[in-house]
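New to this one? Here's a quick briefing to read alongside the sequence and the 3D view.

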Amino acid sequence: MKNCVPMIQVWATLNDRTFKPLEFGAAEVYASKLGRQLDADGDSELSLKEVLPRFSSSRVRGKDAKLLSTESLAYHDMNADGHTTVDEFATAFAAWSAVEWQAKKDCGQNIELQAHASL
């Protein structure tokens with residue numbers, strides 16, 4: 001399970017290395033704004049083309065970036081219909097954020113997830 005947590009964090013935040021966990025409501029507002037920014041075509045859904053740039057970097061390229069993007073979209077597809085809406089993204093992002101926020105609060109600030117160590 002320990003090795004899964006960093007990967008889920010990458011999926012949940014769409015690889016946002018700067019995001020600091022927030023309570024659910026604040027995280028949902030943040031993620032909703034981010035989702036609308038990413039939704040380039042304005043169809044209220046996030047596509048592979050729209051999220052792929054968040055996973056493409058000098059460390060992650062090509063098939064690996066596409067795989068991470070695809071897995072992330074699937075993580076956020078809460079009703080498993082094959083489409084990830086901005087609302088689904090915001091809810092799943094906020095849920096993960098709230099879990100991290102509460103864990104850090106309960107365990108103290110010494111807890112540090114090594115979310116991007118493998119990327």
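Let's start with a pair of helices: α3 and α4 sit oblique to each other, because their packing angle of about 120° falls outside the ranges for roughly parallel, roughly antiparallel and roughly perpendicular. Keep in mind that this is a predicted model.

**How α3 and α4 meet**

- Helix α3 covers residues 48-55 and helix α4 covers residues 62-76, and their axes lie 9 Å apart.
- Their crossing is right-handed.
- On the α3 side, the contact is made by Leu48, Val51, Leu52 and Phe55.
- On the α4 side, Ala65, Lys66, Leu68, Ser69, Thr70, Ser72 and Leu73 make the contact.
- Sorted by class, that contact has seven nonpolar residues, three polar ones and one charged one.

**A look at Asn15**

- You'll find Asn15 in the loop between α1 (4-12) and α2 (24-38).
- Is Asn15 buried or exposed? Its relative accessibility is 12%, so Asn15 counts as buried, the cut-off being under 20%.
- Asn15 and Ser69 are 54 residues apart along the chain, and their C-alpha atoms are separated by 9.1 Å.
- Ser69 also belongs to the α4 side of the contact with α3.

**How confident the model is**

- The protein chain averages a pLDDT of 86, and 84% of the residues score at least 70.
- Where does pLDDT stay under 50? That happens over residues 113-119.
- For residues 113-119, the model has 19 contacts beyond four places in sequence.

How values were computed. Residues are numbered from 1 along each chain as its sequence is written. This is a predicted model: local features need pLDDT of at least 70, side-chain atom pairs count only at pLDDT 80 or more; totals for chains, interfaces and linings use all residues. Side-chain values use heavy atoms; hydrogens and water are left out. pLDDT is the predictor's confidence in each residue, from 0 to 100. Contact means heavy atoms within 4.5 Å. Axes are lines fitted to C-alpha atoms, for helices over the stretch in contact, and angles run from 0 to 180 degrees between N-to-C directions. Helices (H or I, at least four residues) and strands (E, at least two) are DSSP runs, numbered from the N terminus. Angles under 35 degrees count as roughly parallel, over 145 as roughly antiparallel, 65 to 115 as roughly perpendicular and the rest as oblique. A crossing is left-handed if the near helix is turned anticlockwise from the far one by less than a right angle, and right-handed if clockwise. Ala, Val, Leu, Ile, Met, Phe, Trp, Tyr, Cys and Pro count as nonpolar, Asp, Glu, Lys and Arg as charged, and the others, Gly among them, as polar. Buried means under 20% relative accessible area, exposed over 50%, partly exposed in between (1.4 Å probe, protein chains only).
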